[in-house]
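Open the model in your viewer and keep the sequence panel beside it. This tour goes one selection at a time.

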Amino acid sequence: MALLPILEFPDPRLRTKAAPVEPAWLAEAATQRLLDDMFETMYAAPGIGLAASQVDVHKRFMVIDVSEEKNRPLVFVNPVITARSGEQVFQEGCLSVPGIFADVARAEKIAVTALDRHGAAFALEVDGLLAVCIQHEMDHLDGKLFVDYLSPLKRELVRKKLLKQRKQSAAA
């Protein structure tokens with residue numbers, strides 16, 4: 001397995017809308033390695049979700065594990081939210097927007113359908129952190145970032161802060 005580079009805001013590739021995955025693609029050994037590499041990258045970051053778009057693979061799939069023990073890995077291929085209800089505000093962060101956190105309002109409960117890593121269809125009804133994470137990662141697949149929920153002024157401040165962090169890292 002290998003750690004993959006994670007694209008960071010404001011990289012324009014993060015704005016790419018991901019293409020649906022052909023189920024036959026999941027049977028390829030390289031695809032399964034990519035999924036394993038995405039989990040390794042997510043756990044090392046550390047994070048609880050990673051969309052393919054964040055590692056510059058513009059296909060509709062994502063990996064998630066919100067468990068404390070990091071032992072419940074979930075793969076969502078071609079996910080679709082089929083129902084939403086309620087609203088919750090969660091303080092979100094993002095591996096593509098490191099060190100930045102902001103309150104984002106999302107549906108409290110969702111129903112989602114997807115394929116697993118082997119192409120088997122499944123459906124889930126979830127709430128809480130898993131619901132937030134699924135919605136957050138699905139936004140990535142649509143070329144949207146959690147900073148898009150912020151005001152234009154706050155989004156610009158985030159962009160400037162990240163550029164400053166990168167310059168300081170490069171100088172160190």
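Two residues are in contact here when heavy atoms of theirs lie within 4.5 Å. What you have open is a predicted model.

**Stop 1: helix H2**

Select residues 128-141, which form helix H2. H2 has 14 residues and reaches 21 Å from its first C-alpha to its last, close to the 20 Å expected at 1.5 Å a residue. Turn on the surface of the remaining chain, and ask how many of the 14 residues of H2 are buried. The count is 12 of the 14, so H2 is largely enclosed by the rest of the structure. Among them are Leu-130, Ala-131, Ile-134, Met-138 and Leu-141. Go on to Gly-143, just after H2, where phi is positive, at about 80°.

**Stop 2: His-136**

Stay in H2 and pick His-136. Is His-136 buried or exposed? The cut-off for buried is under 20% relative accessible area. His-136 has 7% relative accessibility, so it counts as buried. Now show what surrounds it. Leaving aside neighbours within four places in sequence, His-136 is in contact with Glu-92, Gly-93, Cys-94, Arg-106 and Phe-146.

**Stop 3: Cys-94**

One of those contacts of His-136 is Cys-94, so select it next. Cys-94 lies in strand S4, which runs over residues 88-94. Its relative accessibility is 9%, and therefore Cys-94 counts as buried too. Which residues is Cys-94 in contact with, leaving aside its neighbours within four places in sequence? They are Gln-54, Ile-100, His-136, His-140 and Phe-146.

**Stop 4: the annotated positions**

Select Cys-94, His-136 and His-140 together; the UniProt annotation "binding site", from an unreviewed entry, covers these residues. They are spread over 47 residues of sequence, yet they cluster in space, with a largest C-alpha distance of 10.3 Å. Of these residues, Cys-94 and His-136 are included in the lining of the largest pocket.

**Stop 5: the largest pocket**

Show the largest pocket, which holds about 380 Å³ of space. Its lining is made of 22 residues, and Gly-47, Ile-48, Gly-93, Cys-94 and Leu-95 lie nearest its centre. Which elements each supply at least two residues of the lining? Strand S4, strand S5 (97-106) and H2 do. Colour the lining by class to find 13 nonpolar, seven polar and two charged residues.

**Stop 6: Glu-137**

Return to helix H2 and pick Glu-137. The UniProt annotation "active site", again from an unreviewed entry, covers Glu-137. Its relative accessible area is 4%, so Glu-137 is buried. Not counting residues up to four places away in sequence, Glu-137 touches Gly-49, Leu-50, Ala-51, Gln-54, Met-62 and Ile-64.

**Stop 7: Gly-49**

From Glu-137, step across to Gly-49, which it touches. Gly-49 is found in strand S1, and it is buried because its relative accessible area is 6%. Beyond the residues up to four places away in sequence, Gly-49 touches Met-42, Gln-54, Val-63, Ile-64, Leu-95, Cys-133 and Glu-137. Draw a distance from Gly-49 to Val-132: they are 83 residues apart in sequence and 10 Å apart in space, C-alpha to C-alpha.

**Stop 8: helix H1**

Met-42, one of the residues that Gly-49 touches, leads to the next selection. Select residues 29-44, which form helix H1. H1 has 16 residues and reaches 22 Å from its first C-alpha to its last, close to the 22 Å expected at 1.5 Å a residue. Buried residues in H1 include Leu-34, Leu-35, Met-38, Phe-39 and Met-42. What covers the buried residues of H1 includes strand S1 (49-51), strand S2 (61-64) and strand S3 (74-85).

**Stop 9: helix H3**

Finish with residues 152-171, helix H3. At 1.5 Å a residue, its 20 residues should span 28 Å; the end C-alpha atoms are 29 Å apart, which agrees. How many of the 20 residues of H3 are buried? The count is two, and H3 is hardly covered. Set H3 beside H2, where 12 of the 14 residues are buried.

Technical notes:
Residues are numbered from 1 along each chain as its sequence is written. This is a predicted model: local features need pLDDT of at least 70, side-chain atom pairs count only at pLDDT 80 or more; totals for chains, interfaces and linings use all residues. Side-chain values use heavy atoms; hydrogens and water are left out. Helices (H or I, at least four residues) and strands (E, at least two) are DSSP runs, numbered from the N terminus. The expected span of a helix is 1.5 Å times one less than its number of residues. Buried means under 20% relative accessible area, exposed over 50%, partly exposed in between (1.4 Å probe, protein chains only). On a 1 Å grid over the protein atoms alone, a cavity is a set of points where a 1.4 Å probe fits but cannot get out, and a pocket is an open set with protein on both sides within 12 Å along at least five of seven lines; lining residues have an atom within 4 Å of a point. Grid points are joined across faces, edges and corners, and a volume is the space filled by probe spheres set on the points. Ala, Val, Leu, Ile, Met, Phe, Trp, Tyr, Cys and Pro count as nonpolar, Asp, Glu, Lys and Arg as charged, and the others, Gly among them, as polar. UniProt positions are given in the numbering used here, feature names are shortened, and annotations may be inferred rather than shown by experiment.
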